[in-house]
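My notebook is open and I have a structure to poke around in. I'll write down what I look up as I go.

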Amino acid sequence: MFEAVAGYGLGGSTIALFARVGGGIYTKAADVGADLVGKVVEDLDEDSLMNPGTIADNVGDNVGDIAGMGADLFGSLAEATCACLVISATSPELINQAGYYYPLLISAWGIVICFLTSFTATFFLKADEPEKVMLSLNLQLLVSTVLMTPVLYLCSEWYLPATFVLSKAKLTVTNTQCFYCSALGLWSGYVIGYTTNYYTSGAYSPVQKLARQCVQSAATNIITGLALGYYSTFVPVVFIAGTIFVSFSYADMYGISLAALGMLSTLTIALTIDGYGPISDNAGGIAEMCDLDKARTNTDILDAAGNTTAAIGKGFAIGSACLVALALFGAFATETNLIVVNILKPLEFAGLIFGAMLPYLFTAMTMGAVGDAANEMIIEIKRQFDTMKIREGEERPDYERCI
């Protein structure tokens, strides 16, 4: 049964690939095209009603940052759950005592906890002043993580046998060790989110240092920005590596899949925080097009916070994907009785090098697609300004054509 269920995770991941990549190319092409022509060539305000690409830019926020990220994290959640179910099928104790429900219960309780967190954000952590916006969003992630920790412990105590054997790994595991694995993934997710926020928020020194570099020249700004980006990977990688090491030591590949589920247990809040930016951005665009200057001032404050918190969702996506990939490999190894992979063999080593190259090839292809689509967008917007009386107010821009 669980082998069949594994197809569910594969399907979710396949759809997520198209939604994430397609939506990402759309939103960046629309954003680049609309901003370059509108701001640089035609000297218009951002989201100006006269810019034919404005509506396409707003649509892009939805298909890329909302639908794309949602599909991406859903794919990770589905794959982590399926991997955990496949591996748990190797334990007679888990099957006989219904312990295989444990992965599903982590996700189910996570939804309940995130509802409670959203309730506290609405009534106790109100963002009624500009400086409280970021605080409220960040505290939601912390509150959900703190509340989820005892829930993970109770789930492991109530729904798992005290000890069980993973027959393929020939390892005896306790329910307390399962709690450690899931809790470690949960808190690693929080640390990754916090680190991402630290390196992208204007409230902390990295971005402030980068802003000071902008005063000197664009070159130093680019160099320092790249350096900060590379620095920001250190803490997440250390925590992911530590999570993998400890979880594997406790419960083999089952522990790694539990760590992935623990990280994704607060997915509801992570997606809420991630969606805050594009929603605020769209609200600002509507306010600009309706000449609501005061509302635009408020949405700019929200948008600034949303741009930072959007990076937290991306941190979750990347961190969970790393754990999920290893968990899926563990499920594959479990089903195929794969004992060891010797990377010093010619075929395996060649595959390792080829696999390391693929992300760069894939990135180059997607960046090229963004460039091509943005170029078409620029040509179309310029054509409309050159051939239509948009500035004079006599003709309405053809928004549909840009979309």
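**Entry 1: helix H2.** I started by checking how enclosed H2 is. I found that 26 of its 35 residues are buried, so H2 is largely enclosed by the rest of the structure. Note to self: this is a predicted model. Next I looked at the length of H2. From first C-alpha to last, H2 reaches 50 Å, close to the 51 Å expected for its 35 residues at 1.5 Å a residue. H2 does have a kink, though: about 30 degrees, centred on glycine 68.

**Entry 2: helix H11.** I ran the length check on H11 too, which covers residues 293–336. With 44 residues at 1.5 Å each, H11 should span 64 Å, and its end C-alpha atoms sit 63 Å apart, which agrees. Where does H11 kink? I found the kink, about 25 degrees, centred on asparagine 307. Just after H11 comes asparagine 337, and its phi is positive, near 55 degrees.

**Entry 3: positive phi values.** I wanted to know why a positive phi was worth writing down. Most residues other than glycine have a negative phi. So I noted two aspartates as well. Aspartate 252 has a phi near 55 degrees, which is positive in a residue other than glycine. I located aspartate 252 in helix H9, and at 22% relative accessibility it counts as partly exposed. Buried means under 20%, so aspartate 252 doesn't make that cut-off. Aspartate 291 has a positive phi too, near 60 degrees. I found aspartate 291 in the loop between H10 and H11, and it is exposed, with a relative accessible area of 62%.

**Entry 4: a buried aspartate.** Is aspartate 274 buried or exposed? I looked it up: aspartate 274 is buried, with a relative accessible area of 3%. Aspartate 274 is found in helix H10. I also checked its distance to isoleucine 353: the two are 79 residues apart in sequence and 34 Å apart in space, C-alpha to C-alpha.

**Entry 5: the nonpolar core.** The largest nonpolar core has 58 residues, and the ones touching the most other members are Tyr102, Cys178, Tyr254 and Leu258. Elements giving two or more residues to this core include H2, helix H4 (102–123), strand S1 (163–166) and H11. Which element gives the largest share of this core? I got H9, with 11 residues.

**Entry 6: the second largest pocket.** This pocket holds about 420 Å³ of space. It is lined by 22 residues, and Asp252, Met253, Ala333, Leu338 and Ile339 are the closest to its centre. H9 and H11 are the elements that give two or more residues to the lining. H9 has the largest share of the lining here, six residues. I sorted the lining of the second largest pocket by type: 15 nonpolar, four polar and three charged.

**Entry 7: the cavity.** How many cavities of 30 Å³ or more are there? The count came to one, with a volume of about 40 Å³. Its lining is Ala34, Asp35, Lys39, Asp45, Glu46, Asp47, Asn51, Thr54 and Asp57. Helix H1 (2–41) and helix H2 (54–88) each give two or more residues to that lining, and H1 gives the most, with three. By type, the cavity lining splits into one nonpolar, two polar and six charged residues.

Key: Residues numbered from 1 in each chain as written. Predicted model: local features only at pLDDT ≥ 70, side-chain atom pairs only at ≥ 80, totals over all residues. Heavy atoms only, no water. Helix = DSSP H or I, 4+ residues; strand = E, 2+ residues; numbered from the N terminus. Expected span 1.5 Å × (residues − 1). Bend = angle between axes of the 7 residues up to and from the residue. 1 Å grid on protein atoms, 1.4 Å probe; cavity = no way out; pocket = protein on both sides within 12 Å on 5 of 7 lines; lining within 4 Å. Points joined across faces, edges and corners; volume = space filled by probe spheres on them. Nonpolar A, V, L, I, M, F, W, Y, C, P; charged D, E, K, R; others polar. Core = buried A, V, L, I, M, F, W, Y, C linked by side-chain atoms within 4.5 Å. Buried < 20%, exposed > 50% of the residue type's maximum accessible area, 1.4 Å probe, protein only.
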